[in-house]
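Visitor: Could you walk me through this structure and spell out the cut-offs as we go? 
Guide: Gladly, so let us take a look.

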Amino acid sequence: MRKGAKRGLRVPSASGSGMLRGTGRARAGRYPVGAGHPVPPPGKSLTRACGAGMEGSGGPQGERLQLLLRRCQEAKACAYCPYSRFPVGAALLTAGGEIFSGCNVENACYSLGVCAERTAIQKAISEGHTRFRAMAIASDMGTDFIVPCGACRQVMREFGKDWDVYLTKPDGTYIVKTLDELLPLSFGPEDLKKV
C-alpha cells in the first residue's frame, strides 16, 4: 500500500510556498481544486509555482501545468478500486507535449491490479511515446502528498531519471521531485551496457 510523502517536507502554506528539505530548491505550489475548473484562458495562469528551480526545470509551465494537474484529478475519478477504496489518478506529459492519463485498476486476484502511473505510461507507450517530461499524481489523502510506489518508480526509471513528478494533495497543493530524487542510486537500461 502507498505511503504519503511526509518526512523531510514542510507542507506548503496557503500562499503556495514551501521548501523541500535536502534539495535546496523551493519547488511547490497550488493548483485549482474542484471539478469545474476550466483550463485558464491564454495569458492567464491559475497555478502559482514558487521559488527558484521551477522556471528552468524543464517541466511544464502555466497552462500546460494546469492541464496536467487537472487531468490527473480527472483520471482519479475513473479509478476502479473496490477493494482498497484508494483512488489514484496520474497524468503523463510526453516530450512532444501530449498528455496521457491513467487510474489504478484493481482485480479480485490482488496481484493483477495496476497502478495509475503504470497505466498512464502503458497508454503512452502503446501510442508510440517513450520520452517524458513530467507526471502528476492525485489521490484523496488529505494530510500527505501522494507518492508513487516502488514498482512504479522503477517503471518510470526505464524512461529516464530527470523528469519531474508532481505530488499533489486534494487541497490543491503540490510539491515537485525529479525521478532521480524519488529513486536514488537507481538501475536503468544504460546499466546493462556496463558489463
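**Contacts, strands and rings**

Visitor: How far apart are N and O in the salt bridge of R157 and E190?
Guide: The side chains of R157 and E190 meet in a salt bridge, a term for a side-chain nitrogen of Lys or Arg within 4 Å of a carboxyl oxygen of Asp or Glu. R157 lies in helix α3 and E190 in the segment after α4 (179-182), so the pair ties together parts that are 33 residues apart in sequence. From N to O, the distance is 2.3 Å.

Visitor: What kind of model is this, and which pLDDT do side-chain atom pairs need?
Guide: Residues count from 1 along each chain as its sequence is written, and side-chain values use heavy atoms, leaving out hydrogens and water. The model is predicted: totals for chains, interfaces and linings use all residues, local features need pLDDT of at least 70, and side-chain atom pairs count only at pLDDT 80 or more.

Visitor: Is R157 buried or exposed, and at what relative accessibility?
Guide: Buried means under 20% relative accessible area, exposed over 50%, and partly exposed in between (1.4 Å probe, protein chains only). Its partner E190 is partly exposed, with a relative accessible area of 35%. R157 counts as buried, at a relative accessibility of 3%.

Visitor: How many residues apart in sequence are the parts that D140 and K76 tie together?
Guide: A salt bridge joins the side chains of D140 and K76, with 2.6 Å from N to O. D140 lies in the loop between β5 (132-139) and α3 (150-157), K76 in helix α1 (residues 62-76), so the parts tied together are apart by 64 residues. Helices (H or I, at least four residues) and strands (E, at least two) are DSSP runs, numbered from the N terminus. D140 is partly exposed at 47% relative accessible area and K76 is buried at 14%, while the separation in sequence is 64 residues.

Visitor: How many salt bridges are there by this rule?
Guide: One of them joins K194 to D191, whose closest N and O atoms are 2.7 Å apart. Here K194 is exposed at 64% relative accessible area, whereas D191 counts as buried at 14%. The count of salt bridges comes to 4.

Visitor: What span does α1 reach from its first C-alpha to its last?
Guide: The buried residues of α1, among them L65, L68 and C72, pack against β3 (88-94), β4 (99-103), β5, β6 and β7, where contact means heavy atoms within 4.5 Å. The expected span of a helix is 1.5 Å times one less than its number of residues. With 15 residues, α1 is close to the expected 21 Å, reaching 22 Å.

Visitor: Which residue in β7 is the bridge partner of Y166?
Guide: Strands pair if DSSP finds at least two bridges between them. Strand β6 (residues 164-168) runs antiparallel to β7, with 5 bridges, and the hairpin they form has 4 residues between them, with G172 in the turn at a positive phi of about 100 degrees. Strand β1 (residues 28-30) is also antiparallel to β7, with 3 bridges, and A28 stands opposite I175. The partner of Y166 is V176.

Visitor: Which residues of β7 are buried on the side of Y174?
Guide: Strand β7 (residues 173-178) is mostly covered, with 6 of its 6 residues buried. One face carries T173, I175 and K177, and the other carries Y174, V176 and T178.

Visitor: What is the angle between the planes of F132 and F159?
Guide: Rings of Phe, Tyr and Trp (its six-membered ring) pair if their centres lie within 6.5 Å; planes under 30 degrees apart are stacked, over 60 edge-to-face, and the rest tilted. The structure holds 4 aromatic pairs, including Y83 and Y110, which are tilted at 5.7 Å centre to centre and 45 degrees between the planes. That pair links the loop between α1 and β3 with the loop between β4 and α2 (116-126), 27 residues apart. F132 and F159 are edge-to-face at 5.5 Å centre to centre, with an angle of 70 degrees.

Visitor: Which residue forms one aromatic cluster with F132 and F159?
Guide: F132 is buried at 8% relative accessible area, and F159 is partly exposed at 24%. The cluster is completed by W163.
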